[in-house]
Amino acid sequence: MPRLVLLRHGESLWNRDNRFTGWTDVDLSEDGIQEARRAAMLIARDGIAFDLCLTSVQKRAIRTLWIVLDELDLMYMHVERHWRLNERHYGALQGHNKDEKRREVGEAQVHEWRRSFATRPPALDETDERFPGHERKYDGLPDAEVPRTESLEDCIARMLPYWRMRIEPALMAGRTPLVVAHGNSMRGIVKHLDGIPDDEIPGLEIPTGVPLVYEFD
């Protein structure tokens with residue numbers, strides 16, 4: 001029976017500090033490291049064997065996967081990384097404290113940016129140092145593919161081609177992928193699998209460091 005294992009990265013430094021993160025490449029907090037270790041323990045406890053490791057190109061997801069592989073004595077496994085599994089891009093909100101933004105623009109506006117399906121936050125200008133086009137890891141990406149901001153809808157649309165290109169064929173071939181990614185890219189996978197309506201998916205919470213297992217007939 002094919003299985004899919006989804007794992008949101010452990011708590012990041014900016015999760016801890018209540019800051020909008022998006023494509024900013026921050027690392028795990030100490031609690032996040034412990035969450036990754038507990039995820040490995042849960043995978044081992046339930047006897048979940050995976051044979052394909054997929055992650056984003058962001059270090060909080062990569063490090064979570066490294067910790068899981070280290071704890072399970074599987075460091076030899078090949079890891080595939082792809083930008084389409086990255087977190088949703090929060091545009092010019094990235095780096096800002098969420099509570100400070102609420103005081104600045106109001107609770108309703110911040111809620112709309114965070115929890116609507118189709119609303120995009122203010123976009124980054126290409127001259128902004130936070131623009132991902134300045135990062136070496138995205139050198140080969142066409143300019144049209146480099147986000148300045150994203151809604152949840154945009155994030156899911158950007159993720160789904162990777163699902164169809166890489167994850168679904170692996171499942172059809174009987175493999176068991178472990179996908180370590182982010183809250184919003186994970187929402188896209190779960191929405192696709194469970195048929196969750198557009199107006200309900202923003203309310204779905206995917207916890208950090210807790211493996212989610214899908215079994216397919």
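How much accessible surface does the protein chain have, and what percentage of it belongs to carbon and sulfur atoms? In this model, which I should say at once is a predicted one, the accessible surface of the protein chain comes to about 10300 Å², and 47% of that belongs to carbon and sulfur atoms.

Let me stay with the whole chain for a moment. With 217 residues, a compact globule would have a radius of gyration near 17 Å, and the protein chain has 17 Å, so the value agrees with that expectation. Taken along the principal axes, the C-alpha atoms fill a box of roughly 50 × 35 × 35 Å, and buried residues make up 52% of the 217 residues. If we take the contacts with a separation of 6 or more, 77% of them are accounted for by residues 24 or more positions apart. As for charge, there are 30 positive and 38 negative charges in the protein chain, and their mean positions are 2 Å apart.

Turning to secondary structure, the chain has seven helices and five strands, and, read along the sequence, these follow the pattern β-α-α-β-α-β-α-α-α-β-α-β.

The element I would like to look at in detail is helix α3, residues 59–71. At 1.5 Å a residue, its 13 residues should span 18 Å, and because the end C-alpha atoms are indeed 18 Å apart, the helix agrees with the expected span. The buried residues of α3 are R60, A61, I62, T64, L65, I67, V68 and L69, and they pack against α2 (30–45) as well as against the strands β1 (3–8), β2 (52–55), β3 (79–81) and β4 (177–181).

From the side of β2, we can follow this packing through T55, which lies in that strand. T55 has a relative accessible area of 0%, and therefore counts as buried, the cut-off being under 20%. Leaving aside neighbours within four places in sequence, T55 is in contact with A61, I62 and L65, and also with V79, E80, R81, H82, L85 and V180.

Finally, two backbone positions deserve a remark. Helix α3 is followed by D73, a residue in the loop between α3 and β3, whose phi is near 60°, a positive value in a residue other than glycine. N18, in the loop between α1 (13–16) and α2, likewise has a positive phi near 60° without being glycine. Are these two residues buried or exposed? D73 is exposed, with a relative accessible area of 64%, whereas N18, at 25% relative accessibility, counts as partly exposed.

Notes. Residues are numbered from 1 along each chain as its sequence is written. This is a predicted model: local features need pLDDT of at least 70, side-chain atom pairs count only at pLDDT 80 or more; totals for chains, interfaces and linings use all residues. Side-chain values use heavy atoms; hydrogens and water are left out. Helices (H or I, at least four residues) and strands (E, at least two) are DSSP runs, numbered from the N terminus. The expected span of a helix is 1.5 Å times one less than its number of residues. Buried means under 20% relative accessible area, exposed over 50%, partly exposed in between (1.4 Å probe, protein chains only). Contact means heavy atoms within 4.5 Å. The radius of gyration is taken over C-alpha atoms; the globule rule is 2.2 Å times the number of residues to the power 0.38. Accessible areas come from the Shrake-Rupley method with a 1.4 Å probe; for residues, only the protein chains shown count as cover. Lys and Arg count as positive and Asp and Glu as negative; His and the chain ends are not counted. The place of a charge is taken as NZ of Lys, CZ of Arg, CG of Asp or CD of Glu.
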